[in-house]
Structures are given as C-alpha cells and as structure tokens.
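Colleague: I have a model open on my screen and would like to know what stands behind the words people use for it. Could you take me through them?

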Amino acid sequence: MPELPEVECLTRALREVGEGHRLVCARFYREDLRWPIPIPEFHERMVGQVIQQVSRRSKYLLLTTELGHAIVHLGMSGNILLSAEGEPERKHTHFTWGVETESGIKYLHFVDPRRFGCLLCCAPDELWSHKLIKDLGPEPLLSQDLAEHLWKKSRNKTVAVKNFLMDAHVVVGVGNIYANEALFRAKVHPLREAGTLKRKEWDVVAVAIQEVLEAAIKAGGTSFRDYRHVDGGSGYFEVALRVYGRDREPCEICGGMIAQERLGGRATYYCDACQL
DNA sequence: CGTATCTCCTGCAAGC
DNA sequence: TGCTTGCAGGAGATAC
C-alpha cells in the first residue's frame, strides 16, 4: 500500500530518471482506472514534451511539462516500475511511458492490480485549483506549525482522532498504518474525540507523525531502481511497526496486550494501557 | 456543514 | 487439494 513515504521515494526516483528528459511515447492498455484516463489530453500535454518537473503533493505524483500536468495516484496497489523493456512484463500493467535518457529510452510501467489509482491531466495554470488538489491539508513534513494547525482544525470535532488524522483535508499523507503508529508513539488513544486533545498533546502527535514518516522515507529508498528491487519492500516493511498488525502481541512499553478493533471500517491497533 | 457509511478492485490467507 | 469467504484500504461519493 503506497503511503506518503512510498510516494515520496518514488517521486525522488522518477525525478532522477525523468526530470529534464523528454517523454517520447505513451501506450495505454486500458481506458480507465478509478476514473477514465484522458488519453488524448495526455498525448497533447505530455507526450513529446520535456518533463520539467517531477513533484508530489499529498500522495499525488505530479509531472509537469510546458503544456500541462499529469496527476498520478497509486491507490492501494499501484507502483511505477522502471525497465529497459518497452513491453510490459507484469500483469496489471495499465500504461507504459518512454523517457529519452542519455543511455537510451527507459520505460516506466504503471502497475496497479486493484485499479484504485488514477491518471488525470490539467492545464499549466489549473493544477492548484484542481478539485483533487485544492482542498488538501498541509504537508506534514513541510509544515512549520503542524501542531498548531491540528489543534485549530480539531476545535469542536467529535470524530475519533485517528479518523481525523487520516482525513487529507486536515493533513495529508497519514494513512491507516501511520495513523496507528503515530498515535501509539504519542500515547494518544485512537478513539479519543479529536476535539478533546489538549494543545500540548497535539505537539506530541505532530512530532510523532513527522518522526514515523521520516523514518519510513529513510527506510524506503530502495524500492524503485529496477525490476529486481520492486518486491523488495518499501517503507513500512523495514520500519519497525510497533502496533500495526500486532494485535494479541505484548506492548513493547508496558507488556500489556495490543488490542484491535475496527474503526470506520479500518483496522485500528492500540495499547489500552499506554494510550490515553 | 459534520459525520458515518458505501464503493471501487484483486490478491492473499484462513477455514472448511 | 480446492473451494469459499473475508479482509486489506485511499479517498471520493453518497446519505443523513
């Protein structure tokens, strides 16, 4: 499941391969993912153009040319694989892009078995007003006052703090795994109503979010490179998960048993003794 | 508007 | 061994 650290690592890897290079071809093997793929618009705005910038906003990967932007989301199961081969080598490859580099054309294969991902395009001046982008919360690793922001946003909110953190309109990039982990580290119970957290508790939560995401980015840097590395774990396989998936195991702080329950349809893990 | 639920999809694991 | 069942989950859409 690509979370923010995986998308950040992929962005950096794609930047290395693509930035400043020309996108010379694109082949599509299906017409829709989560939404219809704007294939003609992609050809107009991206193909034949130099990729001026590869960037990221939330879990959206952004490619920019002189004529517009491509917005890519990996959904639940998406990945972009680099290969010297133009032919797809993996099942569920939905499109392939060719990038001209000093050492010949390199191919980027978008693979996404569950097809929760998307590919959209927009004009150069439409990105920040795009409906997927415009209402997003701050980037947790760039925000200078994340705790203050979370505190202000949470006033009078009765939603569980874990669901609050997973709302991309509040703060981006905190998926289910990292919401569980951040709250465990901060010793805050995931079922607490968001509005009941004290200002100082938000300081602790904000730091926990930033620490767990940064640790995952550091651990996730090897996931791209080429086909031989694609299955080699990105991020959370190498970050020690302290509660996620550890129900009925002992808490590493107090030795009590980690509990699991479903919250808004999502698996939620916590230590009832440590997290208040 | 705030909150909760539904929905898309395939792969995998557990249970019989 | 081979089936069925349930779960995994990002985030927009929908319902209240």
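Modeller: Let us go through the terms one by one, bearing in mind that this is a predicted model.

Colleague: Why is Pro-190 called buried?

Modeller: A residue counts as buried if 20 or more other C-beta atoms lie within 10 Å of its own. Pro-190 has 23 within that distance, so Pro-190 is buried. The residue is found in the loop between α5 and α6.

Colleague: What makes a residue a contact of Pro-190, and which residues are they?

Modeller: The C-beta atoms must lie within 7 Å. Leaving aside neighbours within four places in sequence, the contacts of Pro-190 include Ala-160, Val-161, Asn-180, Leu-183 and Tyr-270. As for Glu-87, it is 103 residues away from Pro-190 in sequence and 46 Å away in space, C-alpha to C-alpha.

Colleague: Why is helix α5 said to be largely enclosed by the rest of the structure?

Modeller: Because 10 of its 11 residues are buried. Among them are Ile-177, Tyr-178, Glu-181 and Phe-184. The buried residues of α5 pack against α4 (161–165), α6 (199–219) and β10. Just after the helix, Lys-187 takes a positive phi of about 60°.

Colleague: What makes a group of residues a nonpolar core, and how many residues has the largest one here?

Modeller: The members must be buried residues of the nonpolar kinds, such as Ala, Val and Leu, joined through C-beta atoms within 7 Å. The largest such core has 66 residues, and Leu-165, Val-174, Ala-182, Leu-183 and Val-205 have the most contacts inside it. Leu-183 also has contacts beyond four places in sequence, including Val-188, Pro-190 and Gln-275.

Colleague: That brings me to the strands. How do you know that β6 and β7 pair?

Modeller: Pairing needs at least two bridges. Eight bridges join β6 to β7 (residues 104–111), so the two strands pair, and they run antiparallel. One of the matches is Thr-96 with His-109 in β7. The two strands form a hairpin with two residues between them. On the same test, β1 (residues 23–28) pairs with β6 through five bridges, also antiparallel, and Leu-23 stands opposite Val-99 there.

Colleague: Why are β2 and β8 called edge strands?

Modeller: They belong to an open sheet of four strands in the order β2-β3-β4-β8, with antiparallel pairing. β2 (53–57) and β8 (118–122) each have a single partner strand, so one side of each is left without a neighbour in the sheet. From one strand to the next the twist averages 20°. The partner of β2 is β3 (residues 60–65), to which five bridges join it, with Val-54 opposite Leu-63. Helix α1 (residues 4–18) packs on this sheet, touching β2 and β3, and its direction makes about 170° with that of β2.

Colleague: Now the DNA. What makes Lys-91 a residue near DNA strand B?

Modeller: Its C-beta atom, placed from the backbone, lies within the 6 Å cut-off of that strand. Others around strand B include His-92, Arg-114, Phe-116 and Gly-265. By class, this surface has three nonpolar, five polar and four charged residues.

Colleague: And how many residues surround DNA strand C?

Modeller: There are 15, and the closest are Lys-59, Met-76, Gly-175, Asn-176 and Ala-267. They divide into seven nonpolar, four polar and four charged. Both α5 (176–186) and β10 (266–270) supply at least two residues of this surface.

Terms used: Residues numbered from 1 in each chain as written. Chains lettered and ligands numbered in written order. Predicted model: local features only at pLDDT ≥ 70, side-chain atom pairs only at ≥ 80, totals over all residues. Nonpolar A, V, L, I, M, F, W, Y, C, P; charged D, E, K, R; others polar. Axes fitted to C-alpha atoms, helices over the stretch in contact; angles between N-to-C directions. Contact = placed C-beta atoms within 7 Å. Buried ≥ 20, exposed ≤ 12 C-beta atoms within 10 Å, placed from the backbone.
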